[in-house]
Amino acid sequence: MPREIYAYRCRRCGELHYPYRMVCKGCRENDHNEFDAEPLPRAGTLVTYTDLYALPAVFEVQKLSLGIVELSNGLRITGQLRIAEPRAGMKVRGEVEVVRNEMYDEYHGMVFYES
Amino acid sequence: MRDVYVAGIGITSFTRLEFPLSEIAAYPVMMAIKDSSLGDIDHLYVANMGGGRVNHQTGLASAVVDTLSLTPSGAELIENGPASGGSAVKQGFMAVASGLCDIVAVTGAERMREVNNLEATDLVATLTHPIAEYIYGVTLPSLAGMFTRLYMDKYGVTERHLAMVAVKNQKHALSNEFAHIQQEITVEGILDSPEAMTNNPYVADPLRFFDCCPVSDGGAAVILTTRDVAESTGRPLVKLAGVGQASDTHCVHEREDPTDLLAVRRAATAAMEMAGISPSDVDVAELHDAFTILEIVESEEAGFFPKGEGHLALERGDTTLGGKLPINVSGGLKGRGHPVGATGVAQVYEIVHQLRGEAEGRQVDGARSGFTCNFGGFGNNVVCMALLRE
């Protein structure tokens, strides 16, 4: 089954959240499990980005390209970029891939490519 | 609520300190006690972020209260990321204002240079959201880099403006014997010259090496008390007149407008309202320039300059010593250094020092009201204070 990253929709008022929070930001009336998980859409627009050179020890690369993307459902997400020349406003497409490798653990997250 | 006064201040050099964290926290309290002649401390607040993680010392306040022989007075550790210092001062304020305590000591300390740079960076990165930010390799410089890019695109701030903040604050720091960075730099040297790429490489573009504050060890302390007790010391009366705090979303990508620092705006407004002043009344300010862009944006969000025009005020020289509203005459985080737990307390130290008229070499003439902004996380928890000379 292909991996997804999920947004959380409040069952009482319908407000959508990414990432998860226990109390709905919209109505503040729900119970912590009164959410429905919805996979995040993959299409979005690049809002901002940076190339990080001072990397955490676990990344064995020279630089890491990070960005914030606004997805087609209005939610924003932080992710890694595999884009040669990023530009604000660029159309991008997300894939769920391994974003971090720590000893015996692999962490999956959203990686964005130019659309 | 009673009025609260800052009766004593103390600070260590911000540098690499080969002393246990508890001693780095204790030493400025000893200095503040000497400064105020008030030794009967009812309660001790200790601000620190990394003690448990990089210094292997949890329950730090218990260690500090004992090494100072302040037992059996109560003591607590306050951890609020980079706003630990501000939060601890706020707790001390509340203890005296409420009537629960008469004389309170607040100290902030950090010993980040006990570990290497990678571990120090990782310590600070643990502030980020574990699943939505941290796993991607997001560090605070990367959040600042993304924020800076947006600000440059929207308001026309350039790398030159960022360099000007670094040059200004390192120049200011030369007049501060306790400051970490004692190095005069020029915009040409860090930006224009052929050596600039080597001297000033990119850290998280568009932020470069000189746009980021250093990793420092150090401690700062204040003694807070009632008006009567403060008067009895015979030292100039400086009132901690206003405190304000606000939070914002944990993930930076969830901010309503990613070019706003709403928590700064709200905390600053609350602090100044409590003190009964407006931004135009402020004579001297200590803002949280962990990254040069933050000084510019905080100066706008605090109400000193219109939104998007902070860099113009910087160009005019308004925020340099001698200008209309000197900012970070201590050197700020960039020049003075940033032992995370100490910074919020060090900012109050500087403002008190200025309002007393004792800041020889960097005195803002006639300073009667001051302001501090202690910026936690990446703007998701901010504590601001307003101080007045009576």
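**Figure 1. Strand S5 of chain A and its neighbours.** S5(A) is mostly covered, with 6 of its 8 residues buried. Like everything shown in these legends, this view comes from a predicted model. On one hand, S5(A) pairs with S4(A): the two run antiparallel and are joined by 8 bridges. To find your way along that pairing, look for Leu52(A), whose bridge partner in S5(A) is Leu64(A). S5(A) is also joined to S6(A), again antiparallel, by 5 bridges. Here Glu70(A) stands opposite Arg76(A) of S6(A). The hairpin of S5(A) and S6(A) has 4 residues between the strands, and in it Gly74(A) takes a positive phi near 95°.

**Figure 2. Strand S8 of chain A with S6 and S7.** S8(A) and S6(A) run parallel and are joined by 2 bridges. Gln80(A) has Val111(A) of S8(A) as its bridge partner. With S7(A), S8(A) runs antiparallel, and 10 bridges join these two strands. A handy landmark is Val96(A), which stands opposite Met110(A) in S8(A). The hairpin of S7(A) and S8(A) leaves 2 residues between the strands, and Met103(A) takes a positive phi near 55° there. As a reminder for reading both this view and the previous one, strands of a sheet pair through backbone hydrogen bonds, either parallel or antiparallel.

**Figure 3. The three-stranded open sheet of chain A.** Three strands make up this open sheet, in the order S2-S1-S3, and their pairing is antiparallel. Its edge strands are S2 (16–17) and S3 (35–39) of chain A, each of which pairs on one side only. S1(A), residues 6–10, pairs with S3(A) in the antiparallel sense over 5 bridges. Tyr6(A) makes a good starting point, as Tyr6(A) stands opposite Pro39(A) in S3(A).

**Figure 4. Chain A as a whole, to place the close-ups.** Chain A has 0 helices and 8 strands, so read from the N terminus its elements run β-β-β-β-β-β-β-β. Its C-alpha trace spans about 45 × 35 × 30 Å along the principal axes. Of the 115 residues of chain A, 29% count as buried. Among the contacts in chain A with a separation of 6 or more, 47% come from residues 24 or more positions apart.

**Figure 5. Where chain A meets chain B.** In this view, 26 residues of chain A are in contact with 29 residues of chain B. On the chain A side, the elements that give two or more residues are S4 (43–52), S5 (64–71), S6 (76–81), S7 (91–102) and S8 (105–114). S4(A) supplies the largest share of that side, 6 residues. Sorted by class, the side of chain A that touches chain B has 17 nonpolar, 6 polar and 3 charged residues.

**Figure 6. Inside the largest nonpolar core.** This core has 151 residues, and those touching the most other members are Val46(B), Val64(B), Val222(B) and Val345(B). Leaving out residues up to four places away in sequence, the residues that Val46(B) touches include Ala25(B), Leu60(B), Val64(B), Ile78(B), Ala88(B) and Thr107(B). A second, separate core has 5 residues, among them Met49(B), Val54(B), Met112(B) and Val340(B).

**Figure 7. Helix H3 of chain B and its cover.** H3(B) runs over residues 60–67, and its buried residues are Leu60(B), Ala61(B), Ala63(B), Val64(B) and Val65(B). What covers them includes two helices, H1 (21–36) and H2 (51–54), together with strands S2 (43–47), S3 (74–78) and S4 (103–111), in chain B. Follow the chain just past H3(B) and you will meet Ser69(B), which takes a positive phi of about 55°.

**Figure 8. Helices H4 and H15 of chain B crossing.** The axes of H4(B), residues 84–98, and H15(B), residues 340–355, come within 5 Å and cross at roughly 55°. H4(B) and H15(B) are therefore oblique to each other. From H4(B), the contact is made by Ser84(B), Gly85(B), Gly86(B), Ala88(B) and Val89(B). H15(B) contributes residues including Val340(B), Gly341(B), Gly344(B), Val345(B) and Val348(B). By class, the contact of H4(B) with H15(B) has 7 nonpolar, 6 polar and no charged residues.

Technical notes. Residues are numbered from 1 along each chain as its sequence is written. Chains are lettered from A and ligands numbered from 1 in the order in which they are written. This is a predicted model: local features need pLDDT of at least 70, side-chain atom pairs count only at pLDDT 80 or more; totals for chains, interfaces and linings use all residues. A nonpolar core is a set of buried Ala, Val, Leu, Ile, Met, Phe, Trp, Tyr and Cys residues joined through C-beta atoms within 7 Å. A residue is buried if 20 or more other C-beta atoms lie within 10 Å of its own, exposed if 12 or fewer, and partly exposed in between; C-beta atoms are placed from the backbone. Two residues are in contact if their C-beta atoms, placed from the backbone, lie within 7 Å. Axes are lines fitted to C-alpha atoms, for helices over the stretch in contact, and angles run from 0 to 180 degrees between N-to-C directions. Angles under 35 degrees count as roughly parallel, over 145 as roughly antiparallel, 65 to 115 as roughly perpendicular and the rest as oblique. Ala, Val, Leu, Ile, Met, Phe, Trp, Tyr, Cys and Pro count as nonpolar, Asp, Glu, Lys and Arg as charged, and the others, Gly among them, as polar. Two strands pair if DSSP finds at least two bridges between them.
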